[in-house]
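The exercises below go with the sequence and structure shown next. Try each task before reading its solution.

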Amino acid sequence: MEFDTIAAISTPMGEGAIAIVRLSGDDAVRIADKLFKGIGGKKLINVPSHTIHYGHLLDPKNGEVIEEVMISVMKGPKTFTKEDVVEINCHGGIVSVNRVLQQVLKYGARLAEPGEFTKRAFLNGRIDLSQAEAVMDLIRAKTDRAMNVALGQMEGRLSKLIRTLRQEILEVLAHVEVNIDYPEYDDVEEMTHKLLLEKAHFVREEIQKLLQTSEQGKILREGLSTVIVGRPNVGKSSLLNSLVHENKAIVTDIPGTTRDVIEEYVNVRGVPLRLLDTAGIRETEDIVERIGVERSRQVLKEADLILLVLNYSDQLTAEDVNLFEVVKGMDVIVIVNKTDLPQQIDMEQVRELAKEHKLVTTSLLEDLGVDALEEAISSLFFSGSIEAGDMTYVSNTRHIAVLNQSLQTIEDAIEGVEMGVPIDIVQIDMTRTWELLGEIIGDSVHESLIDQLFSQFCLGK
Ligand code: GDP
Ligand code: ZN
């Protein structure tokens, strides 16, 4: 395949001391060489592949030095895109890296579309679709654990499993072909049925297993949806802040100022949390706050974990007690906050209400008890069914949808065999399952799907 040469900044904007402008395509080396002034007039054109070169980037028009650079030259096909790739390492900072990018664009490269590097890797056969999507997840991964899942997928763990399943189906289909071509052999038909059922059951079980991991995969990718509830002023926003270690939620002395749901991502000892601070689950006259309250109820319903906050220096109210009702049956950690103030709360009563839930006391003002809370969160998470990231998780929404479809078709096939449906009808369901599974690794997808997927990528990847 032939493509023009693309370029983009491939490091996060404004982060890190080094920024990289990446080029990929036939002209990558030539374009870089035009702008490069190496020691002793070294040319990039003839350097060996996979070498790095120190020098300056000049504007060829007037010889003005633009940047001090290190340039890596990697010739295809042993590169990410399988094309010639050049990486220009320059000092971070948006201004300097942009100047470098502008120069390479001026001298023949085209600005890459989002995800275009990965798309080329896919189109050039370097990676399959599930791996390409894993790169996308990797870019978006919010915690180390989610990163590991994405990495595993990128290494092809999911692809490998899918390939195995497709191979099994192909084997059956081959037998079915024989059966259809030579219907007069009774034992062939019997064998085919037996084999078909056996393999179809195996494929169904594997798909089911994969789908079971999808919930965990989602949690790893999007974070454990964690809702902070409590009546006004107990310290919900303070809790959110102290978990986030930065002050994004508004903290005030006026009750009910958290008007809507505030969302933050945090990584608590390897547990990804999507923290939601709510306006408090309670009846209120305030219209603005009502909107917040209604959304809060909605958010609550979808929560994986509830942090229920009480005030140590206040007596329990009906509202507090009601909260325990609302979160019944959910995973809850009860937090009694403001232990630095004189005690008013009846801890005996709190323990009774908390029942089997974990109970932690904190003074967020004095930064006490947060460690214990984090411990409680991580032990809750790790004592559950969720394990470290060395298994194959399915976390991609498209994969889940396709897996559900293929589960349906394989079940149709099994039912067909059991009900004595003609084998060539069963064959259709098996073939469809094979095709659907292929969509996960990109073996049978059409162009538009591919375009749609790759347009979701970040620039430079
Ligand atoms: P929210 O309405 O539940 O979100 O409560 P905020 O987090 O906005 O806190 C309300 C007030 O209580 C603020 O003035 C906080 O500084 C204060 N506060 C929060 N935690 C503590 C604590 O542990 N001790 C004391 N003394 N004050 C706290
Ligand atoms: Zn608040």
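**Exercise 1. A helix and its length**

Task: Compare the reach of helix H14 with the span expected for its 19 residues, and find what follows the helix.

Solution. Start with the ends: the model is a predicted one, and in it H14 reaches 28 Å from its first C-alpha to its last. At 1.5 Å a residue the expected value is 27 Å, so the two are close. Next, look along the helix for buried positions. Among them are Ile423, Val426, Met430, Trp434, Leu437 and Ile441, and Asp429, Thr433 and Glu439 are buried too. Last, step past the end of the helix: glycine 442 comes just after H14 and has a positive phi of about 85 degrees.

**Exercise 2. The nonpolar cores**

Task: State how many residues the largest nonpolar core has, and which of them have the most contacts inside it.

Solution. The largest nonpolar core has 63 residues. Those with the most contacts inside it are Ala7, Leu23, Ala32, Val86, Ile88 and Val104. Helix H14 (residues 423-441) supplies the largest share of this core, eight residues. The core also draws at least three residues from each of domain 1 (6-112) and domain 2 (139-219 + 396-454). Apart from this core lies another, of 32 residues, which includes Ala303, Leu305, Val332 and Leu364. As a general point, nonpolar side chains in soluble globular proteins tend to be buried together.

Now take one member of the largest core. Leaving aside neighbours within four places in sequence, alanine 7 is in contact with Val21, Arg22 and Leu23, and also with Leu101, Val104, Leu105, Ala109, Leu111 and Ala112.

**Exercise 3. Two enclosed elements**

Task: Explain why strand S6 and helix H3 are described as largely enclosed by the rest of the structure.

Solution. Begin with the strand. Six of the seven residues of S6 (residues 85-91) are buried, so S6 is largely enclosed. Its partner is strand S5 (residues 64-74), which pairs with S6 in the antiparallel sense over five bridges. Within this pairing, isoleucine 71 stands opposite isoleucine 88 of S6.

Then find the loop between S5 and S6, where proline 77 lies. The peptide bond from glycine 76 to proline 77 is cis, with omega near 5 degrees.

For the helix the reasoning is alike: seven of the eight residues of H3 (residues 116-123) are buried, and therefore H3 is largely enclosed. The buried residues are Glu116, Phe117, Thr118, Lys119, Arg120, Ala121 and Phe122. H3 is followed by glycine 125, which has a positive phi near 80 degrees.

**Exercise 4. Two lysines with positive phi**

Task: For lysine 338 and lysine 355, decide whether each is buried or exposed.

Solution. The cut-offs are needed here: a residue with 20 or more other C-beta atoms within 10 Å of its own is buried, and one with 12 or fewer is exposed. Lysine 338 has 25 such neighbours, so it is buried. Lysine 355 has 11, so it is exposed.

Place both in the chain. Lysine 338 is in the loop between strand S12 (332-337) and H11, while lysine 355 is in the loop between H11 and strand S13 (358-362). Phi is near 75 degrees at lysine 338 and near 50 degrees at lysine 355. Most residues other than glycine have a negative phi.

**Exercise 5. Alanine 354 and its surroundings**

Task: Find the helix that holds alanine 354, and say which residues alanine 354 touches beyond four places in sequence.

Solution. Alanine 354 belongs to helix H11 (residues 347-354). It has 18 C-beta neighbours inside 10 Å and so counts as partly exposed. Its contacts beyond four places are Val334 and Leu359. Isoleucine 335 is 19 residues from alanine 354 in sequence, and their C-alpha atoms are 9.9 Å apart.

**Exercise 6. An annotated position**

Task: Locate the positions that UniProt gives as "binding site", and decide whether serine 237 is buried or exposed.

Solution. The UniProt record, an unreviewed entry, places this feature at Ser237 and Thr258. Serine 237 is found in helix H8 (residues 236-244). With 21 other C-beta atoms within 10 Å, serine 237 is buried.

Terms used
Residues numbered from 1 in each chain as written. Chains lettered and ligands numbered in written order. Predicted model: local features only at pLDDT ≥ 70, side-chain atom pairs only at ≥ 80, totals over all residues. Helix = DSSP H or I, 4+ residues; strand = E, 2+ residues; numbered from the N terminus. Contact = placed C-beta atoms within 7 Å. UniProt positions renumbered as here; feature names shortened; annotations may be inferred. Pairing = 2+ DSSP bridges. Core = buried A, V, L, I, M, F, W, Y, C linked by C-beta atoms within 7 Å. Domains from an automatic or database assignment.
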